[in-house]
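Let's take a walk through this one, helix first and side chains after. Have the sequence and the structure open as you read.

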Amino acid sequence: MREESKKATLLLVDMEYGYLTVEFFRKLPQDAEKGGNPTHSLFDRYNDAYLRRIATTVLSYVNMVCGTLRHTIPKSVVYCQVREAKRSLLDHFFTELGKKEGKQLASLLNEDPAIMQRRTSLSRRLELYRSAQSEIEAVAWER
């Protein structure tokens with residue numbers, strides 16, 4: 001499952017990678033203290049303070065993404081591997097179960113007689129309760 005895990009990891013990184021666009025940086029506020037006057041030339045507008053602000057924003061975002069990926073990548077890898085292991089084990093189990101003969105299956109599925117009797121009596125009691133409940137409801141609706 002190495003390839004599938006790698007694909008899932010790259011997909012997670014790709015989702016985060018595509019979030020910051022040029023439009024994101026264009027929308028950063030440009031007041032006089034932080035980035036100059038938007039009516040000035042392109043060079044004047046993007047002075048050191050504004051560029052530092054962009055760098056700080058990107059660094060904050062990268063640090064946040066790294067923290068997020070630190071937790072989600074292991075989950076993704078484990079999910080891919082566990083899902084495949086589960087499928088593989090179930091396939092093996094069903095194959096082995098299918099090879100058993102009728103008597104072997106009956107012995108595997110054999111229930112303890114005491115538990116069977118208890119289950120049967122509880123089932124009968126449940127039916128009696130349901131029957132009593134329906135009779136009570138019928139009488140209640142008649143009033």
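Below is a short tour of one helix, one buried residue and some charged pairs.

## The helix H5

Keep in mind that this is a predicted model. The main character here is H5, which runs over residues 48-99 and so counts 52 residues by the DSSP runs used. From first C-alpha to last, H5 reaches 75 Å, close to the 76 Å expected at 1.5 Å a residue.

That doesn't rule out a bend: H5 has a kink of about 30°, centred on Leu-69. Leu-69 also turns up among the buried residues of H5. Its companions on that list are Tyr-50, Ile-54, Tyr-61, Val-65, Gly-67, Ser-76 and Cys-80.

## Thr-9 and its contacts

Now hop over to helix H1 (residues 2-17), where Thr-9 has its place. Is Thr-9 buried or exposed? Thr-9 counts as buried, because its relative accessibility is 17% and the cut-off for buried is under 20%.

Which residues does Thr-9 touch, leaving aside neighbours within four places in sequence? The contacts are Ile-73, Ser-76 and Val-77. Ser-76 is itself one of the buried residues of H5.

## A charged trio in H5

Side chains of opposite charge can pair when their charged atoms come close. The salt bridge count comes to 5 for this model.

Three residues of H5 make a nice little set: Glu-84, Arg-87 and Asp-91 are linked in a network of salt bridges. Arg-87 pairs with Glu-84, with the closest N and O atoms 2.5 Å apart, and Arg-87 also pairs with Asp-91, where the corresponding distance is 2.7 Å. Along helix H5, Glu-84 and Arg-87 sit 3 residues apart, about one turn of the helix. Arg-87 and Asp-91 are 4 residues apart in H5, again about one turn.

How exposed is the trio? Glu-84 counts as partly exposed at 24% relative accessibility, and Arg-87 counts as partly exposed at 43%. Asp-91 is partly exposed too, with a relative accessible area of 37%.

## Lys-99 and Glu-96

One further pair is worth a look: the side chains of Lys-99 and Glu-96 meet in a salt bridge, at 3.3 Å from N to O. These two are separated by about one helical turn, because they are 3 residues apart in helix H5.

Lys-99 counts as exposed, since its relative accessibility is 58% and exposed means over 50%. Glu-96, with a relative accessible area of 33%, is partly exposed.

Note on methods: Residues numbered from 1 in each chain as written. Predicted model: local features only at pLDDT ≥ 70, side-chain atom pairs only at ≥ 80, totals over all residues. Heavy atoms only, no water. Expected span 1.5 Å × (residues − 1). Bend = angle between axes of the 7 residues up to and from the residue. Buried < 20%, exposed > 50% of the residue type's maximum accessible area, 1.4 Å probe, protein only. Contact = heavy atoms within 4.5 Å. Salt bridge = Lys/Arg side-chain N within 4 Å of Asp/Glu carboxyl O.
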